[in-house]
Amino acid sequence: MGLIAHIVARQIFDSRGFPTIEVDVVTDQGISGRASVPSGASTSAFEAYELRDGDKSMFSGKGVLRAVTNVNTIIAEQLRGMYVFDQTLIDKVMIELDGTENKSRLGANAILGVSLAVAKAAANTSGQELFRYLGGVNANTLPLPMINILNGGKLSKATDIQEFMIMPVGTNAFSDALRMGSEVFQSVKNLLTSLGHSVSVSDEGGFVSNLKSNEETLDLMISAIEKAGYKPGEDIVIAIDAAATEFYDKQKKLYVFRSSDKRFSSEELVEYWEKLAHKYPIASIEDGLHEEDWQGWKMLTSVLGQKLQIVGDDLYATNITRLLRGINEKSTNSILVKPNQIGTLTETIDVINLAIRNGITAIISHRSGETEDVTIADLSVAMNTGLIKTGSVSRTDRLAKYNQLLRIEERLGDAAYYPGRNFRFLPK
């Protein structure tokens with residue numbers, strides 16, 4: 001009962017129209033679990049290896065048939081007959097089967113697809129929803145969403161900051177928070193239209209506009225929040241993903257803003273973020289420095305860490321070794337968690353638990369190339385992280401996660417808890 005009978009992988013398409021991998025795990029009872037794996041655009045050099053075919057004649061080399069074959073042969077043969085409830089052992093077996101530090105032999109995408117599908121098959125076999133199976137009886141926290149509104153950087157080539165987000169804190173229910181986010185999103189759309197700007201959206205669902213600076217974009221967001229009937233800094237706060245690795249000049253060892261050609265040392269960029277946070281109700285800054293600028297990160301957290309959420313994404317790449325260094329050096333007070341950066345569910349949970357034990361917030365996150373898979377929604381509730389970053393309130397690949405959270409909120413009823421104003425980094 002609950003033994004793995006079949007594992008089948010296939011090539012499907014992600015939200016950007018590129019191939020990705022989907023995996024079905026079927027038990028001896030005929031109960032199955034299905035998972036698909038996302039892919040990033042702005043990626044860290046320290047992420048686990050995403051195996052692509054490299055055949056330029058098909059999908060410009062982005063096919064994943066090698067990863068599919070690895071699942072259907074090597075991994076399937078090794079895991080057949082194992083219990084779906086032995087998640088840690090199954091993930092350990094796949095890691096050892098791969099035998100490389102970054103999962104480059106079998107592919108992190110192949111391994112993660114199986115890992116997540118196993119968890120779903122186990123949940124279905126036990127008759128539980130995934131969030132309850134993973135989190136147990138205490139899984140009841142709906143996450144505060146970091147809703148993507150406007151995009152720049154590598155996602156749109158407009159402003160230097162890659163993502164401008166809002167966090168609805170002025171409510172005690174996730175469904176109300178999502179409504180607030182939707183209303184602000186529509187308010188931004190109306191403002192952009194009235195100013196003659198484009199209202200096309202990026203990979204993550206936020207608007208791509210031709211606003212000329214970070215400040216102009218933030219000013220527009222403040223206006224949109226107010227026009228939607230909310231108070232900036234009280235009802236809704238702002239979060240940014242700078243993606244500073246993307247505008248770091250390694251040769252000159254300077255940060256260069258493309259929009260203004262301004263150049264910053266690490267110390268000067270920290271001062272810039274400090275001024276920006278003083279002027280606007282910013283509660284969270286992600287990837288404010290280059291992924292290897294450890295001294296700069298320590299400086300940023302020393303200056304702003306008591307007031308703001310300082311989030312490491314590229315810095316950590318959901319890697320427990322890098323997170324341990326960050327903890328020891330007081331590099332950040334938050335980590336972005338992306339399962340495909342590390343490659344198994346077990347390792348993802350280990351990173352989340354380590355962060356929480358050390359007072360570091362953990363934000364469960366999507367990628368720019370997504371699927372309709374909603375695992376991260378369940379994972380955020382299962383681990384009671386209280387935070388999720390899964391794009392804008394447009395594009396079904398993003399909304400699939402939000403809609404799953406609405407279902408979970410309904411399922412939990414009065415037991416559901418939404419952090420809201422208890423978010424510890426509200427602007428003072």
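Is K253 buried or exposed? I would like to start there, and the answer is that K253 counts as exposed, because its relative accessibility is 61%, and the cut-off for that class is over 50%. Please keep in mind throughout that what we are looking at is a predicted model.

K253 lies in the loop between β9 and β10, and its backbone deserves a second look, since its phi is near 55°, a positive value in a residue other than glycine. As background, most residues other than glycine have a negative phi. The strands on either side of that loop belong to an open sheet of 3 strands, with the order β9-β10-β11 and antiparallel pairing. In this sheet the edge strands are β9, residues 248-249, and β11, residues 263-264, each of which pairs on one side only. Strand β10, residues 254-256, pairs with β11 in the antiparallel sense over 2 bridges, and if you follow V256 across to β11, you will find R263 as its bridge partner.

A second residue with a positive phi that is not a glycine is R395, where the value is near 75°. R395 sits in the loop between β16, residues 387-389, and α14, residues 396-412, and with a relative accessible area of 25% it is classed as partly exposed.

Let me stay with loops for a moment and turn to K212, which is placed between β7, residues 207-208, and α7, residues 214-227. K212 counts as exposed, because its relative accessibility is 66%. K212 and S260 are separated by 48 residues in sequence, yet their C-alpha atoms are 8.9 Å apart in space.

T141 is also a loop residue, located between α4, residues 130-135, and β4, residues 144-145, but here the accessibility is 9%, so T141 counts as buried. Which residues does T141 touch, once those up to four places away in sequence are set aside? They are S380, V381, N384, G386, Y417 and P419.

Now to the interior. By way of background, in soluble globular proteins nonpolar side chains tend to be buried together. Here the largest nonpolar core has 128 residues, and the members that touch the most others are I21, L79 and W273. Helix α3, residues 108-125, gives the most to this core, contributing 11 residues. For W273, leaving aside neighbours within four places in sequence, the contacts are I161, I240, A242, F247, F257, I285, G288, L300 and L304.

The next stop is the open sheet of 3 strands with the order β1-β2-β3, which has antiparallel pairing. Its edge strands are β1, residues 4-13, and β3, residues 32-36, each paired on one side only, and the twist from one strand to the next averages 15°. Strand β2, residues 19-27, pairs with β3 in the antiparallel sense over 5 bridges, and within that pairing V25 has G33 of β3 as its bridge partner. These two strands, β2 and β3, form a hairpin with 4 residues between them, and G30 in the turn has a positive phi of about 85°. Helix α1, residues 65-79, lies across β1 and β2, and runs at about 175° to β1.

Parallel pairing can be seen elsewhere, where strand β13, residues 309-312, pairs with β14 in the parallel sense over 2 bridges. Across that pairing, G312 stands opposite I335 in β14. Strand β14, residues 334-337, is covered on both faces, with S334 and L336 buried on one side and I335 and V337 buried on the other.

Finally, I would like to show one helix pair. How far apart are the axes of α2 and α12? Helix α2, residues 87-98, packs with helix α12, residues 345-357, with the axes 8 Å apart and an angle of about 110°. The two helices are therefore roughly perpendicular to each other, given that angles of 65 to 115 degrees fall in that class. On the α2 side the contact involves Q87, T88, D91 and I95, and on the α12 side these meet L345, T346 and E347. By character, the residues of this contact divide into 2 nonpolar, 3 polar and 2 charged.

Key. Residues numbered from 1 in each chain as written. Predicted model: local features only at pLDDT ≥ 70, side-chain atom pairs only at ≥ 80, totals over all residues. Heavy atoms only, no water. Core = buried A, V, L, I, M, F, W, Y, C linked by side-chain atoms within 4.5 Å. Buried < 20%, exposed > 50% of the residue type's maximum accessible area, 1.4 Å probe, protein only. Contact = heavy atoms within 4.5 Å. Axes fitted to C-alpha atoms, helices over the stretch in contact; angles between N-to-C directions. Parallel < 35°, antiparallel > 145°, perpendicular 65-115°, else oblique. Nonpolar A, V, L, I, M, F, W, Y, C, P; charged D, E, K, R; others polar. Pairing = 2+ DSSP bridges.
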